[in-house]
Amino acid sequence: MREVENKSEVYIRIAQTSECTGALGIRGKGKSWVLTVLMEIAALSGWNFIVFDTKGDDLFLDQPATGWQAKVLEKKYGLKPRGWDTVFYTFNFPYGLNGVPVKFNLAPITFNMIGFGHLKKLGNLLTTTEKRLLVEAYLSNGGPYARLEDVIKYVVDRKKDKAGLLLALLTSGFFADDSPLHPSNLLQIALKHHFTVINTTFLDSSVEDLGYFGTLVTINALKNYLKTLSEPTRLAVAFREMGETTKRYGSEGPLWHLAREIESFIRIARQSTLVVTKLFWEAQDVKDVPHTILHNTEVLFVHPTTLLQESQYKELKAYFEIPSSLMRKVESIGDPGPGFFIMLTKSGDWLMLPFPPPLSKRVREISGLSEKEIEEEMKHIDLPRMDIKPLLEEAITRYKMWAKGDELILEPTDVAVELRLSKPTAALLYALRHAPVRRQGMVAIPRRDLSSFMMKKFGESMAMLLGPAKLIPALRKSLPLLRAMHVNIGRGRDGDLVFGYPWEEYTRAYDQIEDVVEFKLGLVEVMER
Ligand SMILES: Nc1ncnc2c1ncn2[C@@H]1O[C@H](COP(=O)(O)OP(=O)(O)O)[C@@H](O)[C@H]1O
Ligand SMILES: [Mg+2]
């Protein structure tokens with residue numbers, strides 16, 4: 001047992017080993033921030049992350065810290081804020097999605113991600129009869145090999161009048177035959193970015209079980225896939241708020257199953273030889289963390305106030321060496337406030353240290369802030385949101401067609417880019433951001449100027465995208481997106497289109513979807529070279 005000599009030893013452990021790492025602290029003590037800092041340290045040394053974000057903590061991983069946070073980073077720690085290369089996913093269920101930022105991709109679940117027995121775990125969403133029917137439809141059509149269309153047909157043929165909810169679920173877009181979340185796609189995606197975030201917070205509370213179900217299925221499929229890999233792979237996986245995800249309420253609700261799934265993931269990940277998996281988790285209470293996970297956690301960052309709670313201390317002592325010299329120190333310090341954590345390890349090395357805020361943007365807890373500070377915070381959380389209505393209308397149309405007995409050819413879902421952006425719209429968004437305009441306040445620019453800017457920069461074919469013949473039909477379809485991005489469309493004296501937009505708001509919104517725009521325009525590879 002020893003007190004570690006300096007911080008860099010701690011950082012090196014986080015960056016270079018594959019040790020499972022946890023953060024523990026009561027609400028408001030900074031455990032989500034510290035976990036993010038630890039993840040950033042690991043990302044800097046080359047770990048790629050899949051993050052299961054059940055709390056919305058990771059919405060701004062792609063943005064550099066701003067405002068107060070940036071000031072603290074620079075002045076107190078001499079660190080420069082930065083954002084990370086991040087892709088965002090949430091589950092595709094238009095009936096229950098709200099406020100999804102446009103930078104998110106809506107991703108379905110495939111039947112071959114689903115394990116035998118999973119379908120029973122759909123929670124309270126379906127009736128018992130419907131659950132049974134779904135299992136039957138799945139198994140009769142080849143289980144993991146089942147095609148969505150065949151499963152729907154089966155359900156319609158048997159019981160369409162008694163299986164309304166099930167039919168709505170099957171035709172909603174939540175399931176498909178291919179998905180970016182399918183582990184073979186997911187791993188490839190994850191290894192190309194710093195962070196791949198899978199978020200469940202945009203599902204209405206009435207359908208939150210579906211979020212747990214999707215998460216459970218995704219974790220399980222990933223686990224099974226990693227077991228089969230024949231080449232060495234290095235992957236980090238983070239689970240936010242174990243209390244949220246693993247609470248054991250009810251007897252065996254979806255949360256309970258998710259807890260078992262995470263446990264099993266951690267056990268398998270620690271054993272497999274080819275895949276080096278580094279796990280990160282956070283929790284408010286030791287009791288929220290399954291034993292297997294505590295058992296497999298080599299490094300724990302715990303807030304002093306947690307150690308001072310008798311019940312927490314007792315429980316932790318079973319898993320970590322906690323020297324009495326450390327406890328005397330903790331007692332004399334009391335509550336040092338947020339951001340101050342004690343590293344505990346299995347072998348008894350420990351250190352108490354203050355952490356800087358993450359380099360990427362966090363939203364501060366609003367309570368305790370002044371009005372001016374709140375205003376500053378709000379400026380940055382005003383993300384452009386997706387218009388779900390067209391997706392919902394499509395889902396309802398599909399439902400009606402099937403319910404009527406007409407067959408409908410299901411369009412294969414577009415893997416990855418679900419932010420529906422036509423090429424002309426992408427060209428417009430790009431030009432609004434990069435054309436030479438007065439870069440502040442309200443900006444107004446004629447279509448013709450945007451077109452000649454694209455001509456100069458990329459040549460004729462890009463300029464054509466902004467010609468009236470291509471642009472106007474595309475605009476009709478993109479009005480909700482443009483509105484979300486604060487772009488107004490008017491006509492000038494000559495009858496041609498003019499675009500008006502507030503520069504600051506627009507650029508902030510644009511930065512959220514920059515990757516998608518540049519990908520659509522085929523600029524990504526060019527820029528990387
Ligand atoms: N390292 C830090 N330095 C300064 N303030 C911090 C730090 N970490 C957290 N905070 C403050 O504490 C608040 C709560 O942090 P958070 O990580 O959300 O807590 P928890 O996840 O434990 O509930 C943050 O909104 C921020 O204002
Ligand atoms: Mg938190």
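**Exercise 1. In which strand is D53 found, and is D53 buried or exposed?**

Solution. The model is predicted.
Step 1: D53 belongs to strand β3, which covers residues 49-53.
Step 2: The relative accessible area of D53 is 0%. Buried means under 20%.
Step 3: D53 is therefore buried.
Step 4: For a distance within the chain, take D53 and P144, which are separated by 91 residues in sequence and by 26 Å in space, C-alpha to C-alpha.

**Exercise 2. Describe the surroundings of ligand 1, beginning with the residues that come nearest**.

Solution.
Step 1: There are 16 residues around ligand 1, and G28, K31, S32, W33 and F355 come nearest.
Step 2: Sorted by class, the shell holds 7 nonpolar, 4 polar and 5 charged residues.
Step 3: Helix α2 (residues 31-44) supplies the largest share of this shell, with 3 residues.
Step 4: Turn to the polar atoms. A polar side-chain atom of S32 is 2.7 Å from an oxygen atom of ligand 1. A backbone N or O atom of G30 lies 3.1 Å from an oxygen atom of the ligand. On F355, a polar backbone atom is 2.8 Å from a nitrogen atom of ligand 1.
Step 5: Ligand 1 taken alone exposes 550 Å², and the protein buries 86% of that.

**Exercise 3. Classify the ring pair F104 and F202, and locate both residues in the chain**.

Solution.
Step 1: The whole structure contains 21 aromatic pairs.
Step 2: For F104 and F202 the ring centres are 5.1 Å apart and the planes stand at 80°. Planes over 60 degrees apart count as edge-to-face.
Step 3: The pair is edge-to-face because its planes are at 80°.
Step 4: F104 lies in strand β5 (residues 104-107), while F202 lies in the loop between β6 (195-199) and α8 (208-228). The two are 98 residues apart, and the pair links distant parts of the chain.
Step 5: F104 has 0% relative accessibility and so counts as buried. F202, with a relative accessible area of 8%, is also buried.

**Exercise 4. Which residues do ring pairs link into a cluster, and which charged ends lie over rings?**

Solution.
Step 1: Ring pairs join F91, F93, Y95, F111, Y138, F174, F175 and F213 in a cluster.
Step 2: Over the face of Y154 lies R158, 4.1 Å from the ring centre.
Step 3: The ring of W47 has the charged end of R234 over it, at 4.0 Å from its centre.

Conventions
Residues numbered from 1 in each chain as written. Chains lettered and ligands numbered in written order. Predicted model: local features only at pLDDT ≥ 70, side-chain atom pairs only at ≥ 80, totals over all residues. Heavy atoms only, no water. Near = heavy atom within 4 Å. Polar contact = N/O pair within 3.5 Å; in protein donor to acceptor, adjacent residues only side chain to side chain. Areas by Shrake-Rupley, 256 points an atom, 1.4 Å probe, with all protein chains shown as cover. Helix = DSSP H or I, 4+ residues; strand = E, 2+ residues; numbered from the N terminus. Nonpolar A, V, L, I, M, F, W, Y, C, P; charged D, E, K, R; others polar. Phe/Tyr/Trp six-rings, centres within 6.5 Å; stacked < 30°, edge-to-face > 60°. Buried < 20%, exposed > 50% of the residue type's maximum accessible area, 1.4 Å probe, protein only. Lys NZ or Arg CZ within 6 Å of the ring centre and 35° of its normal.
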